[in-house]
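Please walk through this structure one element at a time. Begin with the sheet, then turn to the strands, the aromatic rings and the pocket.

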Amino acid sequence: MKIPNHVAIILDGNGRWARSKGMPRTYGHTTGAKNVEKIAEAAGNMGIRYLTLYAFSTENWNRPAEEVKALMNLLDNYLKNCIQTAKKNNMAVRVLGDISRLDERMQEKIRQLEESSAQYDGLHLQIAINYGSRDEIVRAIRRLGQDVEEGKLSPDQISEETFSSYLDTAGLPDPDLLIRTSGEERLSNFLLWQLAYAEFYFTDVPWPDFHEEDLRRAVEAYNQRDRRYGKI
């Protein structure tokens, strides 16, 4: 079986999963957060080299304040423990998104995590926090435009590769496979540029119930696709 080099996952369905069990949405987010390490470990064991997870979008700030606070606390706790997790699993961790909106304590944890795990050569785990693809593209254009204005780059030097180097994912290969859990079939402003040639896999399984066997099914489905690069 051919293993995709880079898998991206939209982690969806935590709240609905919790409601189906008569529990508050925060219970779903807590359970979903615990599942991240399990799937990251399973991905690494399968031979996936890059795993990118959509954890908190720019639109998620519009959720009820209590839910946003709970999500931020979960992310904060995950980042706190992730340095040891990364070391244990030989995992390089990188955060995508505009972290300037996060509190300074979280920003510092992200910097420490990225710096301490950069040396590891196992799975490359990207976590999208305060990420939105349109926001990412606008930020990239602003930086590119600034470099043009300062004479560091001329307009005729701008190519797809040049533009990609200004994105949050600079230096990463584009995803081969996108998985979205919990039955929704849309991108929700996730990696719009990078997913141009990815295969999509949608499953009704909510994220808290998405286990190693579900990841394997997605990879098996990927293997059944006819990957014709450069063709429609």
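In this predicted model, six strands form an open sheet. Read across, the order is β3-β4-β2-β1-β5-β6, and the pairing is parallel. The edges belong to β3 (92–96) and β6 (199–202). Each has a single partner strand, so one side of each is left without a neighbour in the sheet. Direction ignored, neighbouring strands are turned by 20° against each other on average.

Start at the β3 edge. Five bridges join β3 to β4, and the two strands run parallel. Within this pairing, Leu96 stands opposite Ala128 in β4. An edge position does not leave β3 bare: four of its five residues are buried, and the strand is mostly covered.

Next comes β4, residues 124–131. Seven bridges connect β4 with β2, again in parallel. Here Ala128 of β4 faces Tyr54. Ala128 thus has a place in both pairings, opposite Leu96 and opposite Tyr54.

Now look at β2. How many of its residues are buried? Seven of the eight are, so β2 is largely enclosed by the rest of the structure. A residue is called buried when its relative accessible area is under 20%. On the other flank of β2 lies β1, residues 6–10. Five bridges hold this parallel pair. Ala8 stands opposite Thr52 in β2.

Move on to the far end of the strand order. β5 covers residues 177–180 and pairs with β6 over four bridges, in the parallel sense. Ile179 has Tyr201 in β6 as its bridge partner. In a regular strand, side chains alternate between the two faces of the sheet.

The aromatic rings come next. The whole structure holds eight aromatic pairs. One of them is Phe200 with Phe202. Their ring centres lie 6.2 Å apart and their planes meet at 75°, so the pair is edge-to-face. An angle over 60 degrees is what earns that label. Phe200 has 29% relative accessibility and counts as partly exposed. Phe202, at 28%, also counts as partly exposed.

Trp207 and Phe210 make another pair. Their ring centres are 5.7 Å apart with planes at 20°, so this pair is stacked. Are these two residues buried or exposed? Trp207 has 0% relative accessibility and counts as buried. Phe210 is buried as well, with 0% relative accessibility.

There is also an aromatic cluster, formed by Tyr54, Tyr131 and Phe190. Tyr54 is the residue that stands opposite Ala128 in β4, and it leads on to the pocket.

The largest pocket holds about 690 Å³ of space. It is lined by 30 residues. Which lie closest to its centre? They are Leu11, Tyr54, Ala55, Asn60 and Arg63. Tyr54 therefore ties several features together: it belongs to the aromatic cluster, it is placed opposite Ala128, and it is among the lining residues closest to the pocket centre.

Several elements contribute to the lining. At least two residues come from each of α1 (14–20), α2 (25–46), β2 (50–57) and α3 (65–89). By class, the lining has 14 nonpolar, eight polar and eight charged residues. So β2 appears twice in this account: as a strand with seven of its eight residues buried, and as a supplier of residues to the pocket lining.

How values were computed:
Residues numbered from 1 in each chain as written. Predicted model: local features only at pLDDT ≥ 70, side-chain atom pairs only at ≥ 80, totals over all residues. Heavy atoms only, no water. 1 Å grid on protein atoms, 1.4 Å probe; cavity = no way out; pocket = protein on both sides within 12 Å on 5 of 7 lines; lining within 4 Å. Points joined across faces, edges and corners; volume = space filled by probe spheres on them. Nonpolar A, V, L, I, M, F, W, Y, C, P; charged D, E, K, R; others polar. Buried < 20%, exposed > 50% of the residue type's maximum accessible area, 1.4 Å probe, protein only. Pairing = 2+ DSSP bridges. Axes fitted to C-alpha atoms, helices over the stretch in contact; angles between N-to-C directions. Phe/Tyr/Trp six-rings, centres within 6.5 Å; stacked < 30°, edge-to-face > 60°.
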